[in-house]
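Subject: A structure for you to look at

Hello,

I am handing over a structure that I would like you to open and turn around for a few minutes before you read on. My notes come after it, and I have tried to keep them in an order that you can follow on the screen.

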Amino acid sequence: MEPHRWLPLEANPDVTNQFLKQLGIQPSWQFVDVYGMDPELLSMVPRPVCAILLLFPVTEKYETFRTEEENKIKAEGQEVKPTVYFMKQTISNACGTIGLIHAIANNRDKITFEADSSLKKFLDDSVHMNPEERAKFLETYEAIRVTHESSAHEGQTEAPSIDEKVDLHFIALVNVGGILYELDGRKPFPINHGQSSDDTFLEDAIEVCKKFMERDPDELRFNAIALSTA
């Protein structure tokens with residue numbers, strides 16, 4: 001059977017905010033650019049921040065690290081709170097949408113949905129599913145797929161062909177119950193990055209982003225956007 005493949009999204013707040021609007025989310029929280037990782041530039045990001053989406057290149061160095069990290073966690077274990085909403089990625093190029101779902105699903109107490117929100121319905125219907133079942137559910141969930149397609153054409157750069165191999169990937173960073181989690185549908189489970197709080201979340205999440213950049217010092221293709229109060 002042909003694998004599911006979507007067009008990639010841009011890490012562009014205009015695109016992601018329009019996407020959230022079309023999914024039925026009221027604009028009390030909006031994505032904004034993170035222009036840099038130093039304190040002065042972080043001070044420009046409106047607070048509070050409830051999620052970060054990081055776009056980064058999937059390189060050989062990263063894939064080596066990913067395997068090592070997975071093996072280490074399988075051997076040593078980690079705490080993942082049962083309230084963390086996590087889903088796997090089975091659709092090529094859907095990482096932007098899955099990042100958005102992870103960002104919203106783990107901040108439902110803060111987000112206001114429209115009555116007919118397709119994303120709220122997806123989250124309600126999938127709340128008791130496991131990560132693999134949620135992935136399968138998204139494959140057949142037309143309302144989100146159609147919104148993703150229109151958003152993929154909204155970006156500032158021309159959307160690549162659907163068959164073109166894209167080596168950029170989105171992950172979400174969220175704070176659930178005082179723990180900072182990295183949510184990546186290509187990984188088998190969430191990654192616990194230690195303690196955080198609503199007040200320190202942005203700085204804590206940026207420290208995780210810096211580690212991605214330090215692992216690939218020759219790469220420049222990193223981009224972070226923050227979901228912050230409008």
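What follows is a description of the protein chain, going from the whole fold to single residues.

Please keep in mind throughout that this is a predicted model.

**The fold as a whole**

The protein chain contains eight helices together with six strands, and if you walk along it from the N terminus, the elements come in the order α-β-α-β-α-α-α-α-α-β-β-β-α-β. The radius of gyration is 17 Å, close to the 17 Å that the globule rule gives for 230 residues, so the chain is as compact as a globular protein of that length. The C-alpha trace spans about 40 × 40 × 40 Å along its principal axes.

Of the 230 residues in the protein chain, 50% are buried, where buried stands for a relative accessible area under 20%. If you take the contacts with a separation of 6 or more, 74% of them come from residues that are 24 or more positions apart. On the outside, the protein chain exposes about 11200 Å², and carbon and sulfur atoms supply 51% of that area.

**A covered helix**

Which residues of helix α4 are buried? This helix covers residues 95–105, and 11 of its 11 residues are buried; going along α4, they are C95, G96, T97, I98, G99, L100, I101, H102, A103, I104 and A105.

**Charges and salt bridges**

The protein chain carries 23 positive and 39 negative side chains, and the centres of these two sets lie 4 Å apart. A search of the whole structure finds 16 salt bridges, and I describe some of them here.

The pair R47 and E203 forms a salt bridge in which the closest N and O atoms are 2.9 Å apart. R47 sits in the loop between α2 (39–42) and β2 (49–57), while E203 belongs to helix α8 (residues 201–215), so this pair ties together parts of the chain that are 156 residues apart in sequence. Both ends of the bridge are partly exposed, R47 having a relative accessible area of 38% and E203 having 32%.

Two further salt bridges are each found within a single helix. In helix α3 (residues 60–76), E63 and R66 are three residues apart, which is about one turn of the helix, and their side chains meet at 2.8 Å, N to O. E63 is partly exposed, with a relative accessible area of 24%, whereas R66 counts as buried because its relative accessibility is 17% and the cut-off for buried is under 20%. A network of salt bridges links E63 and R66 with R186 as well, and I suggest showing these three side chains together on your screen.

In helix α5 (residues 118–126), D125 and K121 are four residues apart, so about one helical turn separates them. Their side chains meet in a salt bridge at 2.8 Å, N to O. Here D125 is partly exposed at 38% relative accessibility, and K121 is also partly exposed, with a relative accessible area of 48%.

**Backbone details**

Most residues other than glycine have a negative phi, and most peptide bonds are trans. Two places in this chain are worth checking with that in mind.

What is the peptide bond from R47 to P48, cis or trans? That bond is cis, with omega near -5°, and P48 is found in the loop between α2 and β2. R47 is also the residue that forms the salt bridge with E203.

The other place is N93, a residue other than glycine whose phi has a positive value, near 70°. N93 lies in the loop between α3 and α4, and with a relative accessible area of 12% it is buried.

**One distance to look at**

Finally, Q18 lies in helix α1 (residues 13–22) and is partly exposed, with a relative accessible area of 31%. Between Q18 and F31 there are 9.9 Å in space, C-alpha to C-alpha, and the two residues are 13 residues apart in sequence.

Please write back with any questions once you have gone through these places yourself.

With best wishes

How values were computed: Residues numbered from 1 in each chain as written. Predicted model: local features only at pLDDT ≥ 70, side-chain atom pairs only at ≥ 80, totals over all residues. Heavy atoms only, no water. Helix = DSSP H or I, 4+ residues; strand = E, 2+ residues; numbered from the N terminus. Rg over C-alpha atoms; globule rule 2.2 N^0.38 Å. Buried < 20%, exposed > 50% of the residue type's maximum accessible area, 1.4 Å probe, protein only. Contact = heavy atoms within 4.5 Å. Areas by Shrake-Rupley, 256 points an atom, 1.4 Å probe, with all protein chains shown as cover. Lys, Arg positive; Asp, Glu negative; His and termini not counted. Charge placed at Lys NZ, Arg CZ, Asp CG, Glu CD. Salt bridge = Lys/Arg side-chain N within 4 Å of Asp/Glu carboxyl O.
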